[in-house]
Amino acid sequence: MKFFFRVIVIGATVFFCCGCAMGGSGSRENASAGGAGDLEGQASGHTWQNAAGMQNDTAAGQDRETARQYVDTAMGTVIQQTVYASEDAASDFFERSKALLTGLEQEELSWRLDTSQVWRVNAAAGSEEGCGVSEELAALLQECLELYGRSGGAFDITLGPLTRLWDIDKWAAGGADDEEGFRPPSAEELEDALRLCGSDRVRIVSPSSEGEETKIFLPEGMQLDLGAVGKGLALSRIGSMLEEGEGISGAVISLGGSILTFGGKPDGSSWKVGIVNPFDTSSNVGILSLEGQWCVSTSGDYERYVEADGVRYHHILDPATGYPAVSKVRGVTVLAKDGLLSDGLSTACFLLGTDRGMKLAEEYDVEVLFVMSDGSIVMSEGMEPYFTKL
Ligand code: AMP
Ligand code: MG
């Protein structure tokens, strides 16, 4: 993987300087800022930022009020950050957040890298010893199992055998019409993979004495896939870094389909986060106006998919059938204080649809907005004050 990155002071135009060369699972690159209006971010979106609302006087003495932008790749996707800070504070933050993301992927979440805990948990599937993990990873897995139960099994982090069978990671970022060599798995292959899945068979065993690690036991053949929560978790950790750090008065961080807002803008106006239009992903169906710290995640059938013989296969799989979920929903956006919740619940609510999804969102005390396949928008009451339709 090759990175090009630099800090940009926002002027009258937006610059994107991502020159990433990613293997396999890259998600869409946000290629242009055109068409987004005065937005700081777009949940799961392409266009991300318009400099108009962020221009600042760069004269001495106003340094902390300058918006500095940084674009890079991390965790197999594009990360875009805008922070209001002095150049030194911004550079320091960019470096530290980059290290955090790299560490999270390489040491905790990746199923491809043999340096990560998830890789080791998967490799130990079927063993009697299980696999020791950090408290953080154990807590994450516990929350995912909880969501499995509360979503009636729709949200399931043990779908690794299935996501690999479909080869989702290889699908072109943003979707491809006719991926070369793609063929949907056979019913038999799907059945075999599904037999290996099911979060109810994951065991998390707390240490019996001090100094021991929590152990994870997977049945043979089971493989974890944390693709539905990794970006949100990363944003929550970056949020903690921002809370503890000094010198940054406001920030917007976009990672894949999730966005974190933090603090405020020098002019006191709210953050504007666009919600992508699933029917035309270069536009938005509306805008969320947010103040302070929030996480916004979007899941949709347009984010990663392949088309073959006129059928679109998307990346959110129904554990009951093994196929991409058949849904009247095209996109779901969740607004929460925590990134793990916004990310996990946007995936879960996509699978559950409006009625059950809305109930689940209420249980978790988060707000949700559905863009339906007939173009209508359905949202929780608590989302309404934040949302402006375009
Ligand atoms: P997201 O874009 O956050 O909605 O997450 C989608 C990703 O989660 C997919 O690319 C898979 O890696 C994984 N995934 C697919 N189906 C499910 C599911 N039913 N439960 C949990 N994770 C899933
Ligand atoms: Mg998700």
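**Exercise 1. Find what holds ligand 1.**
Work out which polar atoms of the protein lie close to ligand 1, and how much of the ligand is covered.

*Solution.* Start at A154: one of its backbone N or O atoms lies 2.9 Å from a nitrogen atom of ligand 1. Next, go to D156, where a polar backbone atom is 2.9 Å from a nitrogen atom of ligand 1. Then turn to H315, which has a side-chain N or O atom 3.1 Å from an oxygen atom of the ligand. Taken alone, ligand 1 exposes 500 Å², and the protein buries 93% of that (accessible areas come from the Shrake-Rupley method with a 1.4 Å probe; for residues, only the protein chains shown count as cover).

Before going on, please note that this is a predicted model, in which local features need pLDDT of at least 70 and side-chain atom pairs count only at pLDDT 80 or more, while totals for chains, interfaces and linings use all residues. Residues are numbered from 1 along each chain as its sequence is written, chains are lettered from A and ligands numbered from 1 in the order in which they are written, and side-chain values use heavy atoms, with hydrogens and water left out.

**Exercise 2. Describe the shell.**
How many residues surround ligand 1, and of which classes are they?

*Solution.* The shell has 18 residues, and the closest are A154, D156, S299, L317 and T347 (a residue is near a molecule or strand if one of its heavy atoms lies within 4 Å of it). By class there are 9 nonpolar, 5 polar and 4 charged residues (Ala, Val, Leu, Ile, Met, Phe, Trp, Tyr, Cys and Pro count as nonpolar, Asp, Glu, Lys and Arg as charged, and the others, Gly among them, as polar). Helix α7 (residues 339–363) gives the largest share, 3 residues (helices, H or I, of at least four residues and strands, E, of at least two are DSSP runs, numbered from the N terminus).

**Exercise 3. Trace the magnesium site.**
Which protein donors hold the magnesium ion (ligand 2), and where in the chain are they?

*Solution.* List the donors: A228 (O), D343 (O), D343 (OD) and T347 (OG1), lying 2.1 to 2.5 Å from the ion (donors are N, O and S atoms within 2.8 Å of the metal, or 3.2 Å for Na, K and Ca; water is not among the atoms, so sites may look incomplete). Along the sequence, the donor residues follow the spacing A-x114-D-x3-T. A228 and D343 link distant parts of the chain, 115 residues apart: A228 sits in the loop between β8 (214–217) and α6 (230–244), and D343 in helix α7. Both A228 and D343 are buried (buried means under 20% relative accessible area, exposed over 50%, partly exposed in between, with a 1.4 Å probe and protein chains only).

**Exercise 4. Compare two polar pairs.**
Find the side-chain partners of E108 and T298.

*Solution.* E108 lies in helix α1 (residues 87–109) and counts as buried because its relative accessible area is 12%. Its side chain joins that of R237 in a polar contact of 2.7 Å (a pair of N or O atoms within 3.5 Å; within protein, one must be able to donate a hydrogen and the other to accept it, and residues adjacent in sequence count only if both atoms are side-chain atoms). T298 is in strand β13 (residues 294–300), and at 5% relative accessibility T298 is buried. The side chain of T298 makes a polar contact of 2.7 Å with the side chain of T333.
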